[in-house]
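I opened my notebook to go through this model from the sheet outwards. Here is what I looked up, entry by entry.

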Amino acid sequence: MRVLGIESSCDETAAAVVDEHGHVFADEVASQVKLHAPFGGVVPELASRAHMENIAAVVDRALAAVPGGLDAVDAVSVTRGPGLVGALLVGMQFAKAFAWSRGLPLVGVSHLEGHLLAGHLVRPGDGGAPPVFPYVALLVSGGHTALYAVRGPDDIELLGQTRDDAAGEAFDKVAKLLGLGYPGGPVVDRLAATGDTARHDFPRPLPQRDSLEFSFSGLKTAVAQFVRTNGVPTDEASLADVCASFQRVVVETLVRKALAACAQTGFTSLVITGGVAANRGLRTHAATECARAGVTVVVPPFASCTDNAAMIAYAGALRLVRGERHGIDMAPFSRDPGFRRGKVREARESAKKRR
Ligand code: KG4
Ligand code: ZN
């Protein structure tokens, strides 16, 4: 079954064609990064308008890349949430009109489910081995920072998430404080590579051993406080030291909690996904610590980690194969539907009550 996936939840207009085995036949993304850069973050109204301008061309490009084009598509999958509602509506309306006019089945999926299954996409020329169920997934992006127990495509449990800023948001905000532009992650990553990670002692968020929750707003405030007291460093070496010291705290926190999640679930595989998975410091530290702990770590190719429609097409294909369908009355999720309560969370909560 070849599924046309459509994604428009934030600042990427994307369309892809993927089958239920994860084979990617087409994957197109129109990024709005340049549009939002002057504002230092995504402006919802501008995002919706840009999705409207771009969506037809992006879908056309995806269909043109598939042998058989339009006629090769068997079903449509679309991101239903979470995301900016005006942005979601553009993709959803397009997907509904497309499915209805072609008489194709339609399914709406969670953007998060897409991210958590993106490691199974098979891209031409990609030699990496896909993750094996069950695994712990660390989703780290501009909008999300959370840990999940993924036992199968339809058995996903939220283990813990950020109480405030997402990790990518912390990178972006710190970059803004340091005058490094938007999005900040890649620049901070590049500067951090040459900096001294021990130069500044920024606070470690929620250091408790068994907590799988994150908090990055205090760390960002510590960097803001540093800038207020000392000003923005004027030479590149000092700037690199601030970036390296900040990044070290984020990376060590993410890896420590991901490994705590592996220990609590007993899973020996970890998948790191979302835009922040591109961070070189995170990849290196995760590789070292996971090897030490006997955990296999999988970081999907960058095109699968950032927002894309291939992951939406794949998550939708699996749901369609299970018989799920939505009508054209489908609305965006009014709130994140979350994931099933699972064994790990229940065990942790009852242990807390007993204490
Ligand atoms: O997944 P993504 O493309 O979009 C969503 O937020 O859904 O992630 C974008 C985020 C931004 O916050 C960006 O600064 C961060 O990922 N990012 C990075 C790196 N590349 C992108 N953060 C740290 N290091 C990087 N190399
Ligand atoms: Zn995303």
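**Entry 1: the sheet.** Before listing any order I fixed my terms: two strands count as paired if DSSP finds at least two bridges between them. I also kept in mind that this is a predicted model. With that rule I found an open sheet of 5 strands in the order β8-β7-β6-β9-β10, and its pairing is mixed. I then looked at the edges, where β8 (155-161) and β10 (296-298) stand; each has a single partner strand, so one side of each has no neighbour in the sheet. Neighbouring strands here are turned by 25° against each other on average, direction ignored.

**Entry 2: one strand pair.** I asked myself how many bridges join β6 to β7. I got 6, between residues 135-140 and residues 145-152, and the two strands run antiparallel. In this pair, Tyr 135 stands opposite Val 150 of β7.

**Entry 3: what packs on the sheet.** Helix α8 (residues 236-265) packs on the sheet and touches β6, β7, β8 and β9 (269-273). The direction of α8 makes about 155° with that of β6. Helix α12 (residues 343-354) packs on the sheet as well, touching β7 and β8, and I noted about 40° between its direction and that of β8.

**Entry 4: the zinc ion.** Which residues coordinate the zinc ion (ligand 2)? I found His 111 and His 115, both through NE2, and Asp 307 through OD, at 2.1 Å. The site has 4 donor atoms with angles of 82 to 135° among them, and it is classed as irregular. A tetrahedral label would need all angles between 85 and 135 degrees, and the range I found begins at 82°. In sequence, the donor residues follow the spacing H-x3-H-x191-D. His 115 and Asp 307 link distant parts of the chain, 192 residues apart: His 115 is in helix α4 (residues 111-117), while Asp 307 is in the loop between α10 (302-305) and α11 (310-321). Are these two buried or exposed? Both His 115 and Asp 307 are buried.

**Entry 5: the whole chain.** I counted 12 helices and 10 strands in the chain. Its radius of gyration is 20 Å, close to the 20 Å that the globule rule gives for 355 residues, so the chain is as compact as a globular protein of that length. The C-alpha trace spans about 60 × 50 × 40 Å along its principal axes. Of the 355 residues, 53% count as buried. Lastly I checked contacts between residues at least 6 apart in sequence: 74% of them join residues at least 24 apart.

Notes:
Residues are numbered from 1 along each chain as its sequence is written. Chains are lettered from A and ligands numbered from 1 in the order in which they are written. This is a predicted model: local features need pLDDT of at least 70, side-chain atom pairs count only at pLDDT 80 or more; totals for chains, interfaces and linings use all residues. Side-chain values use heavy atoms; hydrogens and water are left out. Donors are N, O and S atoms within 2.8 Å of the metal (3.2 Å for Na, K and Ca); water is not among the atoms, so sites may look incomplete. Four donors count as tetrahedral if all angles lie between 85 and 135 degrees; four count as square planar and six as octahedral if opposite donors are over 155 degrees apart and all others between 65 and 115; anything else is irregular. Helices (H or I, at least four residues) and strands (E, at least two) are DSSP runs, numbered from the N terminus. Buried means under 20% relative accessible area, exposed over 50%, partly exposed in between (1.4 Å probe, protein chains only). Axes are lines fitted to C-alpha atoms, for helices over the stretch in contact, and angles run from 0 to 180 degrees between N-to-C directions. Contact means heavy atoms within 4.5 Å. The radius of gyration is taken over C-alpha atoms; the globule rule is 2.2 Å times the number of residues to the power 0.38.
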